[in-house]
Amino acid sequence: MVDSQYYLPNDIGVSALDCTEAFRLLSNKEKMYSHYLSRAAWYGGLAVLLQTSPESAKIFVLLQKIFRKQTPAQLEQVATAAGLSPEEYQAFLVYAAGLYANMGNYKSFGDTKFIPNLPKDKLKALVKASQAFQDQPAEMEALWDSCSCLLFSLEDRQKQLGLGDKGITTYFSGNCSLEDAELAQKFLDSKKLSAYNTRLFKREKEGKACYEVRLASAVQKDCAVEGECETNCGSFNFEDKEFTVKRGDYAPLMEKVSFYLQKAQAYAANENQRKMLEEYARSFTLGSVDAHKEGSRYWIKDKGPIVESYIGFIESYRDPFGSRGEFEGFIAVVNKAMSERFAKLVSSAEVLLPELPWPKEFEKDTFLKPDFTSLDVLTFAGSGIPAGINIPNYDDIRQSEGFKNVSLGNVLSVAYATQKEKLTFLQEEDKDLFIKWKGPSFEVQVGLHELLGHGSGKLFVQDDEGKFNFDKSKVTNPETGEPVTSWYHGSETWDSKFSTIASSYEECRAECVGLYLCLIKKVLSIFGNEGQDAEDVVYINWLSMVRAGLLGLEFYTPESKSWRQAHMQARFVILRVLLEAGEGLVGLEELTGPDGKPDAQITLDRSKIHTVGKDAIHRFLCKLQVLKATADVEGGRALYDGYSTVSEGGPHNFMRLRETVLLRKEARKMFVQANTNINGDSVELKEYEGSAAGLICSFTERFQDDAEKLEADLLDLCKKDFPCWC
């Protein structure tokens, strides 16, 4: 029997993201703009297959070829004739839908591999009986042979994403270690190059290690081309090692992205949007993060657009080193009613920021009021869809020029809907309250987390000219009472300094800000919660957080003592902090469930949230910010790794609790997204049913215009680098 964490259950939740009304209200020009941006996002999103595992793109192509010839309904008869039971065929559909939804065969939330929940010989029989195989037997046989072993393999290293012997990653060639990643980061810093759009390949040459830094770009020439003064490409000697910077990673995909961004320019609503798209297209054409940063500056200036979007190599959660960005692109329509609440929160920000528990010197000199809008997603391409986003991730832009916050309303409304019978680890009397207030409390938490969590806090920096952005002679460390002795230098960033813990640490800081500021009545009232309702929202927000901390144990790998999901690690850390606070604030008890199997129950004393709870978060949050601001990597690691430890000893046996969590876990929902098509002078929206079959059909139809060339390009990209992981 395969451990259930390595396959997706047949009854996994699949929901359609509803954007019909939002799309209907757009003008024809806005629909055209949305359509071309969506095309750019979907093609770019395919790069995630190549960023996830060596076999992901091959599996994607295999599925596309099968489903382009026969729909899931048509293939069902073939499956029955090939000897598959209805359950086995459903397991195949769920696997295919999972691969599409995660853009690879590793879960986007948790980074564990998932394999088909049916015997390999049954899947092989289905592939061989398919129309695609009948039409092109030699090609399909070769494709199956090239990916079938890895498709089912659960060797220890292949069970999760990771660097070196800890897991699989295609951000680095298979022979790279953490030491290689650190050396490459130093090299990139020395060249003032961002790692966001890069991958690292190591090879031996005459017994000496040589490194290739590959930039994502449509252009494959390494010399300066039209539109460039100079190029970052070339060979360099660094610390007695040879580094070569080359272009052309994901070239055919980046070419498509640039092409559709240029098409969208004709429908831009204003000059900021037009220049933004021009810079983005330049970024993906030339492999330039600087051009992407320039595009992001125009994006920040584009205040309150009807159609909001962002695209690029953005989040670094899945790079084991924490510096390289996964491709994502979203296009969404503003939800005006919900956005009004967030606008009120933004206008209260300057009153709320001083409430945070660090001295004013540790806060940004001026709060750059961001756009904060609620959006209904039309397209979200990448490995998964979050509930809220705070971008850009470029520290220098965020600190001095600003950022934007978005909350994804139509994602929130379906992602966190919960059935009472599936609510684990809560007291019976908490369950109805939890179901009633989970949505409203999460809305408050997302707002605070994105705006005042990620949007707050200063980084102390000494620039290349030696100038400080703080008064070194006056600023003292509130934890020690001594002058500040460390800071960021030149091109160092939060991600490059704190690397492997940066993402989770920052998520933890933002989550703590949400817990801390939701205690303020004014905040609750902005979201329409008063009196007893407001108290219930606070209680459920805090209860959700400690329950999420327990659920987070699913995302811990004991064998490598590592966490696979930044947010869930952050929530476990917060659970540990609140348990440590004592005085009966949080209770965590192991027990036997009604089914006779191990269970657990988590409780929260609501009368102590404003006292014991608030004090604990106050102390911890201040430490997090001070260590971050002062670039104290050693102190930050000691604090964060300490609370992240999953032990068997002490008052709580977290290793045993992890087994209970795995026993009772619920699979994360998958989303089905619509497609847009041009018909004459207008754009049509095509939606699909919320099922595994609907999700499959949406992907098959998404790339039908140039399916064969696209599939050939993906296989070529795979083939070129496949030896790097064999």
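Let me start with His-454, which in this predicted model sits in the loop between α18 (428–453) and β11 (461–462). Is His-454 buried or exposed? Its relative accessibility is 10%, and since anything under 20% is called buried, His-454 counts as buried. If we set aside its neighbours within four places in sequence, His-454 is in contact with Lys-364, Asn-390, Arg-398, His-449, Glu-506, Glu-507, Arg-509 and Ala-510.

Two of those names return when we turn to the database record. In an unreviewed entry, UniProt places the feature "binding site" at His-449, His-454 and Glu-507. These residues span 59 residues in sequence, and yet no two of their C-alpha atoms are more than 8.3 Å apart, so they gather at one spot.

Where, then, does Glu-507 lie? Glu-507 belongs to helix α19, which covers residues 494–517, and with a relative accessibility of 4% Glu-507 also counts as buried. Beyond its neighbours within four places in sequence, Glu-507 is in contact with Tyr-317, His-449, His-454, His-567 and Ala-570. One of these contacts can be described in finer detail, because the side chain of Glu-507 makes a polar contact with the side chain of His-454, at 3.3 Å, and a pair of N or O atoms has to be within 3.5 Å to be called that.

The same unreviewed kind of record gives us one further position, as UniProt places the feature "active site" at Glu-450. Glu-450 lies in helix α18 and, at 7% relative accessibility, counts as buried. Leaving out the neighbours within four places in sequence, the residues in contact with Glu-450 are Phe-372, Gly-388, Ile-389, Asn-390, Asn-405 and Gly-455.

Phe-372 leads us on to Ser-339, since Phe-372 is found, together with Val-334, Thr-373 and Ser-374, among the contacts of Ser-339 once its neighbours within four places in sequence are left aside. Ser-339 is placed in helix α14, residues 336–347, and counts as buried at 9% relative accessibility. Which backbone oxygen does the side chain of Ser-339 reach? It is that of Asn-335, at 2.7 Å.

Let me now move to the nonpolar cores. In soluble globular proteins, nonpolar side chains tend to be buried together. The largest nonpolar core here has 113 residues, and within it Phe-60, Phe-92, Met-254 and Leu-261 touch the most other members. Helix α6, residues 86–102, gives the most to this core, contributing nine residues. Apart from it lies another core, of 93 residues, which includes Phe-403, Val-444, Val-586 and Ile-617. As for Phe-60, its contacts outside the neighbours within four places in sequence are Leu-46, Leu-49, Leu-99, Tyr-100, Met-103, Phe-699, Phe-703 and Leu-714.

Finally, there is a sheet to look at. Four strands form this open sheet, with mixed pairing, in the order β2-β3-β5-β4. At the edges stand β2 (198–205) and β4 (234–238), each with a single partner strand, so one side of each is left without a neighbour in the sheet. Neighbouring strands of the sheet are turned against each other by 25° on average, if direction is ignored. How many bridges join β4 to strand β5? There are five, and β5, which covers residues 241–249, runs antiparallel to β4. To find one such pair in the structure, look at Asn-237, whose bridge partner in β5 is Glu-242.

Key. Residues are numbered from 1 along each chain as its sequence is written. This is a predicted model: local features need pLDDT of at least 70, side-chain atom pairs count only at pLDDT 80 or more; totals for chains, interfaces and linings use all residues. Side-chain values use heavy atoms; hydrogens and water are left out. A nonpolar core is a set of buried Ala, Val, Leu, Ile, Met, Phe, Trp, Tyr and Cys residues joined through side-chain atoms within 4.5 Å. Buried means under 20% relative accessible area, exposed over 50%, partly exposed in between (1.4 Å probe, protein chains only). Helices (H or I, at least four residues) and strands (E, at least two) are DSSP runs, numbered from the N terminus. Contact means heavy atoms within 4.5 Å. UniProt positions are given in the numbering used here, feature names are shortened, and annotations may be inferred rather than shown by experiment. A polar contact is a pair of N or O atoms within 3.5 Å; within protein, one must be able to donate a hydrogen and the other to accept it, and residues adjacent in sequence count only if both atoms are side-chain atoms. Two strands pair if DSSP finds at least two bridges between them. Axes are lines fitted to C-alpha atoms, for helices over the stretch in contact, and angles run from 0 to 180 degrees between N-to-C directions.
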